[in-house]
Structure formats: C-alpha cells, structure tokens
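Q: Could you take me closely through the empty spaces in this structure, and then through a few places where residues are covered or left open? I am in my first year, so please go step by step.

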Amino acid sequence: MDVYRDFIRSYEHALDTVLPAPDPAAFPKPPPVAPGAPVVLLISPHPDDEVITGTLPLRLQREAGARIVNIAVTLGSNPSRRAARAKEVESACALLGWELEIHGWTGLTAEAVAANNSPQNWLGSMVEILTRWQPRWIFYPHAGDAHPTHVAVNHLVEAALKQAKLPAPPTRILTEYWQPLAQPNLLVECPPDSLALLIAALCCHQGEIARNPYHLTLPAWMADNVRRGAERVTPPGQPAPHFKFGTLYQVAPELPHGWNPVMAANAPLSV
C-alpha cells in the first residue's frame, strides 16, 4: 500500500503548494505582432477565462504569429472586486503578451440577450467589437457551459455574429470549463512549459484563487481532458495520446484544412 499512499500524498502536496503572484515584467515577451497579423478574439465571460482556455490561443500566437485580443465581457458579480479584477486581468494579459479590452458589463443573462432588452445594448456593443476587430478566429463558451454568464456570452456572440459585417466568417472555437462539450472535435496538447506559463498568468488573478485555488487543479483538469479526448475526439478504443496535458475545443463549422483532431505540440499548425 505504501506506493499508492505516497502517490496520493504527492497529489496532496501539490495541492498545498503556495505559488506567488508573478511580475509580468520578469517574463520574456513574444515577438512583436506583424502588421496585418490575423486577429484572435477571446470573448471571456470573466477575468481568468482567458487563461483557463488559453492553450490554443497561445499556440496561435507562437506558431501563427496571431494577434491575441482578450475581450473581458464582465468583471464578475461582486462589485467590491471589480476594480481589483480589472488590474488582475491586465497583469495576466501583460504576462502573456495579449491585448485587452475591458467592458465590465453587469446583469448579463441569456434571457436578456434573447429579448434584446438590455439598457446597455450588449448586442450592439458585441456587433461593434466583431466588426472593428474582424477576427480570423473567435473563442467563446459553448451553449451548455452551465455557468449563467458563460451561457449568456454564448448567446450574445452567436447573435452578434449574425449581424456583424465581416468579410469572411471567422473560425468559431467553442470552449468548455464548467460543463464538458457535448461534441468536442479538437484536443490540443499543452506542453509543460506552456502550462507553467498559463498557471503563472492564472496566479495574477490573486483574489479569485484565494477563495478557490483552481490554479493548482489546472494540470489535473488538463490531464482529464486528455483522458476524455482520447475517447471523444478519436474513435472509442483508440490508444490514448502520448502527451499528458491538453485542452478540448469544438471548432465550427469544421476543423480548418490541415488541422489534426489531436494536435500534439510538434504537429504543424497550418493557418
């Protein structure tokens, strides 16, 4: 039994680790974005969602030279935390080398989006964001992601995409966190160095991880994504991918040409 107990104790030790808030200036910056670089929009329901689902955006930044822009749709439901959360997401995006727009809309619900009766005109604002940025890729939660704000953001983006004047439909990449995707079609490896960088960025959100240390469970979540992806993205009964950590997505309407359903870190990323 000792070897099994030691294995569990190592997990407990990892979950008791205290990680400091990073200094974004101490991290290497990615190369400057080239003029005319393709835009990736992350439509994030809350500050921290940009990091949790950031495996593929990080890869598009590094391998495709994409311009990553995080749209912070809300600053959370706690008014006393909103100013601090704005600073936290600024630090996280600075660490990752991503641009940031903070909107901080409040009272966002799927029902209000469906009725289009918000005094803030959320739909008009999202249409303006999409039209102005003209994204090549857009990341946002899937419709069943359980958290009310995540579901509302899905409805908002889907409605705005129908109205925005875009030269070509962007590749839509649906994300998951609170509820698994029903039909994932892409599993992207998150190599240890990338996962370490994402955890450092997540540590910028100090107020949130103080009440719920989900930064320490991110590796376990990504390991479970690989377990699920082995049976959901590839046919059941196939050997598991060789990598340990990954993130699941649903790319719509279909995977771009040249993309493999299981995208290991050393596989070429065609754009």
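A: What follows looks at the cavity and the pocket, and then at some covered and open residues.

The model is a predicted one, and the values given here were computed from it. Rolling a probe the size of a water molecule over the atoms shows where empty space is left. When the whole structure is searched in this manner, one cavity of 30 Å³ or more is found, and the space in the largest cavity comes to about 110 Å³. Its lining is made by 15 residues, and those closest to the centre of the cavity are Ile43, Pro45, Asp49, Thr53 and Thr175. Seen by element, strand S1 (39-44), helix H2 (49-52) and strand S4 (137-141) are the ones that give two or more residues to this lining.

The largest pocket is a separate item to look at, with a volume of about 520 Å³. The pocket has 24 lining residues, and His46, Arg85, His147, Glu208 and Arg211 are the ones that lie nearest its centre. Here H2, helix H4 (82-96) and helix H9 (206-211) each supply at least two residues of the lining, and H2 is also among the elements that give two or more residues to the lining of the largest cavity.

From the spaces we can turn to the helices. Helix H3, which covers residues 55-64, is mostly covered, since eight of its ten residues are buried. The buried residues in H3 are Thr55, Leu56, Pro57, Leu58, Arg59, Leu60, Gln61 and Ala64. Just after this helix comes glycine 65, which takes a positive phi of about 65°.

A single buried residue can be followed in helix H10 (residues 218-232), where asparagine 225 lies. Asparagine 225 counts as buried because its relative accessibility is 0%, and the cut-off for that word is under 20%. If its neighbours within four places in sequence are left aside, asparagine 225 is in contact with Glu176, Leu187, Gly246, Thr247 and Leu248.

The opposite case is found in helix H1 (residues 2-15), which holds tyrosine 4. Tyrosine 4 has a relative accessible area of 57%, and therefore it is exposed, as that word is used for values over 50%. Together with Met1 and Val3, Tyr4 makes a nonpolar surface patch of about 390 Å². Set side by side, asparagine 225 is buried, whereas tyrosine 4 is exposed.

How values were computed. Residues numbered from 1 in each chain as written. Predicted model: local features only at pLDDT ≥ 70, side-chain atom pairs only at ≥ 80, totals over all residues. Heavy atoms only, no water. Patch = residues over 30% accessible without salt bridge, like charges linked within 9 Å, V, L, I, M, F, W, Y side chains within 5 Å. Areas by Shrake-Rupley, 256 points an atom, 1.4 Å probe, with all protein chains shown as cover. Salt bridge = Lys/Arg side-chain N within 4 Å of Asp/Glu carboxyl O. Helix = DSSP H or I, 4+ residues; strand = E, 2+ residues; numbered from the N terminus. Buried < 20%, exposed > 50% of the residue type's maximum accessible area, 1.4 Å probe, protein only. Contact = heavy atoms within 4.5 Å. 1 Å grid on protein atoms, 1.4 Å probe; cavity = no way out; pocket = protein on both sides within 12 Å on 5 of 7 lines; lining within 4 Å. Points joined across faces, edges and corners; volume = space filled by probe spheres on them.
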